[in-house]
Amino acid sequence: MATFAVPAVPVFPPGYQPQNADFTLWWFDTAAFLETKMAFRGDQENAATTIPDTGAVTTIGLDTAIEDPYGGFNATTHLWTPPAGYSGWFDVCYTLRTAAQAANGMLQIVMAGTYSYAIDQALGSTSTGAGISAQFRCYLVGGQDSIGLAAQLKNATANLNTSITAGLRSTMEIMWTSQS
Amino acid sequence: MPTYPAPRTWSADDIISASRLRADPVNLAWLLTKRPMFIGSQQSTGQSCATDVSQAVTLDTETLDGYNGHVIGSTTYSPPISGCYLSEGSVGFASASTAGPFSAGIQFNQNSVNAIVWGQTFNANGTNDAGPRASDIGALNATTFDFTNLIAFQNIGSTVNLATPNGAFFSTEWVSLLPSVGTKVTSPQPVELWPPNNGTSIANSGGIAAGATSVTVENAAGIVVGGTLGLDYYAGQQVHTYAETVTVTSVAGTTIGISATSYAHGQYAPVAVPVSAAFLNQQVRDVINFLAFPPVARLNNITSAQTLAAQTLPAGTAISWEAANIDTFGGWSASTPTEYVFPVSGIYTIYGQVFVHNSANNVSAGIGVSGGTILWGDSIKSTGSIALCATVRKTIRVTAGQYVQLFGSATTAAPLQASTASSAYSTLCVVWRSF
């Protein structure tokens, strides 16, 4: 996918004979970015992560960028960072998928990276596989802030592995929403 | 304050004035780069939630409120401009020692009428704290003082406080104009560079013959279907007596389909690419209208007797929709009730929830695109015989004509919730985000 310049509210000065390059700045850059917003979609396809039954917050090893035109994903840290200059408000969408868990375990999605909020927790299914999904909006400073998916397992009696089966994978999707 | 985009339709003799440009692109850029959006949370209140009461959540902390739609300490957000809003939130209950149901809901107040729809709902086991979440789309009219907010619910038989910190998170985002005022653009085009001042030139070896319906140019910037080209024109002036204008019928790279020429034109002949009314209507008016009124839908199943058969994940049952509360591009049809057909290619945010009735069960929610692998979200467990709601939220890339379905899967047969209160039912929300 194409990448575009940072959008801005244009200013059209009166009494000025513009060149076509002026319209690139005034309209094309902004409209092109608003049509094709910065996005990241990634998941965990290659190696499962073990979530310990100690309750420790564990970063999920997202390893595959399905779509990352701005190149913000780091497969080593499993975090995504918007490029410098592209600060803004982002919509972050999480799915945490694991194997079936023991009866009393509570699955919790925790943000990784710059933010560490716990944003959804529920009793995971004890049949076939467990999962929870969540969403969060946050401000990310381009080139500086990062975001990833972490999980916590509470009151469980055994460790729990994430799933890497197609359709049952943990995912993170990030969408630029607004500048200010 | 953002203003409704209302872009003009350009005519051939219109002057591209600063005032006209300010009235169109500036309004849209203002609206979408400073989008009406609220992000708030409850951090310090530790709000008390009585049992079996729908409790509006107090938001004591604002993270973003660019247009002052919320007052710190209040529960509601009032939009600065009318539109469809995507409201979402999660509730973090403090530990409770008794098992019982917990839920989060989204409320929209429309013209003084309140409507809560419950999202993720489950029966906690009395060992763990619960953190349900919810999402929903509603149409809010600023002139009738509509509002939206987050609702918490529990029914364990005693009061439960929200956690401190992080007792709740709530956000709402303007996603489109109201269906009553938006203008649907069925074939939105990617924005193009403005035509170069000096135009371009013919690249066909030997030029083009009289009657030609295609021409290859050196640079296709600014050339759009419906626009005009001036063959053997330069800087607005004819450079030959056989200069002529043609209408663009197609654009494929630098190969331009045109209305048949009356004359032959040589290789390297200048081609003027004027900023035509067609260019402005496609590249300014239509782009603005589409971005301000993209595909957005909310489908519901309120009264259905549909039952989820006992299944083993990843098998699932597609949910049938009974009606569309919002469907800006008509993607849903009662004749194919499980499908929302994407009208435009691109990235979409999808939220779905599967509400089943009275079942001690494991229930999952997932989405599938055009019969592909189901992408599962929640797979949650209830420890008691209550209504149970699993949710899924994904951001996916699709092409126009594909369709999305919401799937539910339950380990024992479970009927969909048929709610007499119309507040606990299955929904599917769709929002176009990007090409």
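## Strand β15 of chain B

In this predicted model, strand β15 of chain B covers residues 228–231, and its side chains divide between two directions: T228(B) and G230(B) point one way, L229(B) and L231(B) the other way. All four of these residues are buried. In a regular strand, side chains alternate between the two faces of the sheet.

Strand β15(B) has pairing partners in β18(B) and β20(B). With β18(B), residues 244–252, the pairing is antiparallel and runs over four bridges. With β20(B), residues 270–272, the strand is also antiparallel, and two bridges join the two. Which residues stand opposite L231(B)? In β18(B) the residue opposite L231(B) is E244(B), and in β20(B) its bridge partner is V271(B).

## The six-stranded sheet of chain B

These pairings belong to an open sheet of six strands in chain B, with the order β13-β20-β15-β18-β19-β14 and antiparallel pairing. Its edge strands are β13(B), residues 200–201, and β14(B), residues 214–216, each of which pairs on one side only. Strand β15(B) thus stands between β20(B) and β18(B) in the order of the sheet. Strands of a sheet pair through backbone hydrogen bonds, in either the parallel or the antiparallel sense.

## The five-stranded sheet of chain B

Chain B also contains an open sheet of five strands, ordered β4-β1-β12-β6-β9, and here too the pairing is antiparallel. The edges are formed by β4(B), residues 61–65, and β9(B), residues 133–140, each pairing on one side only. From one strand to the next, the twist averages 15°.

Within this sheet, β1(B), residues 37–42, pairs with β12(B), residues 168–176, in the antiparallel sense over six bridges. One of the facing pairs sets M37(B) opposite E173(B) in β12(B).

## Helix α2 of chain B

Helix α2(B) comprises the 16 residues 277–292. At 1.5 Å a residue the helix should span 22 Å, and its end C-alpha atoms are 21 Å apart, so the two values agree. The helix nevertheless bends by about 30° at D286(B).

Is α2(B) mostly covered or mostly uncovered? The helix is mostly covered, with 14 of its 16 residues buried.

## Chain A

Chain A has 180 residues, of which 57% are buried. Its secondary structure consists of one helix and 13 strands. Along the sequence the helix precedes the strands, in the pattern α-β-β-β-β-β-β-β-β-β-β-β-β-β.

The C-alpha trace of chain A spans about 75 × 25 × 25 Å along its principal axes. Where contacts in chain A join residues at least 6 apart in sequence, 75% of them link residues at least 24 apart.

## Contact between the chains

How many residues of chain B are in contact with chain A? There are 68 such residues in chain B, and they are in contact with 62 residues of chain A. The largest share of this side of chain B comes from helix α1(B), residues 18–33, which supplies nine residues.

By residue class, the side of chain B that touches chain A comprises 32 nonpolar, 24 polar and twelve charged residues.

Key
Residues numbered from 1 in each chain as written. Chains lettered and ligands numbered in written order. Predicted model: local features only at pLDDT ≥ 70, side-chain atom pairs only at ≥ 80, totals over all residues. Buried ≥ 20, exposed ≤ 12 C-beta atoms within 10 Å, placed from the backbone. Pairing = 2+ DSSP bridges. Contact = placed C-beta atoms within 7 Å. Nonpolar A, V, L, I, M, F, W, Y, C, P; charged D, E, K, R; others polar. Expected span 1.5 Å × (residues − 1). Bend = angle between axes of the 7 residues up to and from the residue. Axes fitted to C-alpha atoms, helices over the stretch in contact; angles between N-to-C directions.
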